[in-house]
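Trainee: I'd like to learn how to read charges and salt bridges in a protein model. Can you walk me through one?

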Amino acid sequence: MPPFSESGLPLQPGPREPGPLEPGPLEPGGAIGIIGGGQLGRMLADAASRLGFDVVILEPEPDSPASRVATHTLVAAYDDPVALRALADTAAVATYEFENVPAAAVAALVAMDIEVAPGARALATAQDRFDEKTFLNAHGVGTVAFAEASTAEEAAAAVTRIGAPALMKTRREGYDGKGQRWIEHAVDAGAAFEALGGVPVIVEAACDFVRELSVIAVRGRDGATAVYPLGENHHEGGILRRTIAPARASQALADQAERIAAKVLAGLDYVGVIGIELFEMADGRLLVNEFAPRVHNTGHWTQDGCECDQFEQHIRAIAGWPLGPTRAIAQVEMLNLLGEEVDGWARYAAEPETRLHLYGKREAKPGRKMGHINRVKPL
Ligand code: AMP
């Protein structure tokens, strides 16, 4: 790896080490690039380091959670050409910890001959809620009814077609319930469209689900796939509060989730871990709400509930290693620690059944994910 300057950029972008990913696995000692320096990047970096890899983070914020556990950090914009060049010169494979990575950054890395996993297709599909649901339906995966709209008039027509109440979401860039509005009557659609910024939206039918579940799945470079047991998820104010896993579920439900995951992974020619959010309907059908082309908050329970957690699994997959086991070895309740809840760390640390995972964020803003706990019981 070339020497790094104060800014984190290499002084001399030297010859690529250890070389573009060949069909064989990335050997320990090689470097993995991660775009994004948040908690997911931090936990991925930890897992990569356990397997003997160096980790280079690309993140514009100095002092990010991931940068404090990584080998090197490039403090620069995600699409900074010099930083991307440095990443390509040092890492054999790159991944990302959030789905709003600029598509141009991934395209630039691919053009510089570095493998990016999951690939550009998975990223582009996940970045646009309309494209995502269109992809799912085209691959035989059920979703709620939906329609797109790019003007206030189209938004009103879409709500009339789908039927109120309906949920209007921006096509791009929403997360944790942001960029969404419930529409109770079609006459309110135009105002809601403007309130969301007048950007292209998707209008979704209200889903009368009985439970929210998720399946964390993985596909290796060789096309091998595996799924973890289902998690049951509870949200508050659009933010994940709790996951209970393995969720109580019949074999038929688990099989249905596995079939959905297989269709999504194959349809995207996917490499890495994916989080697929599901609505369980009263008739037993599973509809997909959305998928995230990355490790997922609803998969944090695997850290203490499975032999090989989602973070190690993702690193194994993108490095071309064999996938690890996904079966559960414990029953877990995962609780997110939001904002000042993290101040209760000492109490959690004193509970024998509780494993504490803190992200090292400097400031506890309201609603910010500061850490999580996994309360573990024997299966
Ligand atoms: P999302 O940003 O799409 O993950 O949505 C956040 C949360 O809003 C989901 O976890 C659900 O609780 C709820 N939600 C999303 N879409 C729908 C829908 N079409 N009908 C009912 N609830 C929804």
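Mentor: Sure, let's start with what we count: Lys and Arg are positive, Asp and Glu are negative, while His and the chain ends are left out. Keep in mind that this is a predicted model.

Trainee: How far apart are the mean positions of the positive and negative charges in the protein chain?

Mentor: They lie 4 Å apart, taken over 35 positive and 51 negative charges.

Trainee: And how do I read a salt bridge?

Mentor: The general idea is that side chains of opposite charge can pair when their charged atoms come close. Here the cut-off is 4 Å between a side-chain nitrogen of Lys or Arg and a carboxyl oxygen of Asp or Glu. With that rule, you get 24 salt bridges.

Trainee: What is the distance between the closest N and O atoms of Arg85 and Asp89?

Mentor: It's 3.1 Å, and the two form a salt bridge. Both residues sit in helix H2, four residues apart, so about one helical turn separates them.

Trainee: Are Arg85 and Asp89 buried or exposed?

Mentor: Buried means under 20% relative accessible area, and exposed means over 50%. Arg85 has 35%, so this residue counts as partly exposed. Asp89 has 8%, so that one counts as buried.

Trainee: Which parts of the chain does the pair of Arg211 and Glu232 link?

Mentor: First, the bridge itself: their side chains meet with an N to O distance of 2.9 Å. The pair links distant parts of the chain, with Arg211 in strand S10 and Glu232 in strand S12, 21 residues apart. Both residues are buried.

Trainee: Where do Asp269 and Arg219 sit?

Mentor: These two also meet in a salt bridge, at 3.2 Å from N to O. Asp269 is in the loop between helix H8 and strand S14, whereas Arg219 is in strand S10, 50 residues away. Asp269 counts as exposed because its relative accessibility is 52%. Arg219, at 14%, counts as buried.

Trainee: Which residues are linked in a network of salt bridges?

Mentor: One such group is Arg50, Asp309, Glu312 and Arg316.

Trainee: Now zoom out for me. How many helices and strands are there in the protein chain?

Mentor: Eleven helices and 18 strands. The radius of gyration is 21 Å, close to the 21 Å that the globule rule gives for 379 residues, so the chain is as compact as a globular protein of that length. Of those 379 residues, 55% are buried.

Terms used. Residues numbered from 1 in each chain as written. Predicted model: local features only at pLDDT ≥ 70, side-chain atom pairs only at ≥ 80, totals over all residues. Heavy atoms only, no water. Helix = DSSP H or I, 4+ residues; strand = E, 2+ residues; numbered from the N terminus. Buried < 20%, exposed > 50% of the residue type's maximum accessible area, 1.4 Å probe, protein only. Rg over C-alpha atoms; globule rule 2.2 N^0.38 Å. Charge placed at Lys NZ, Arg CZ, Asp CG, Glu CD.
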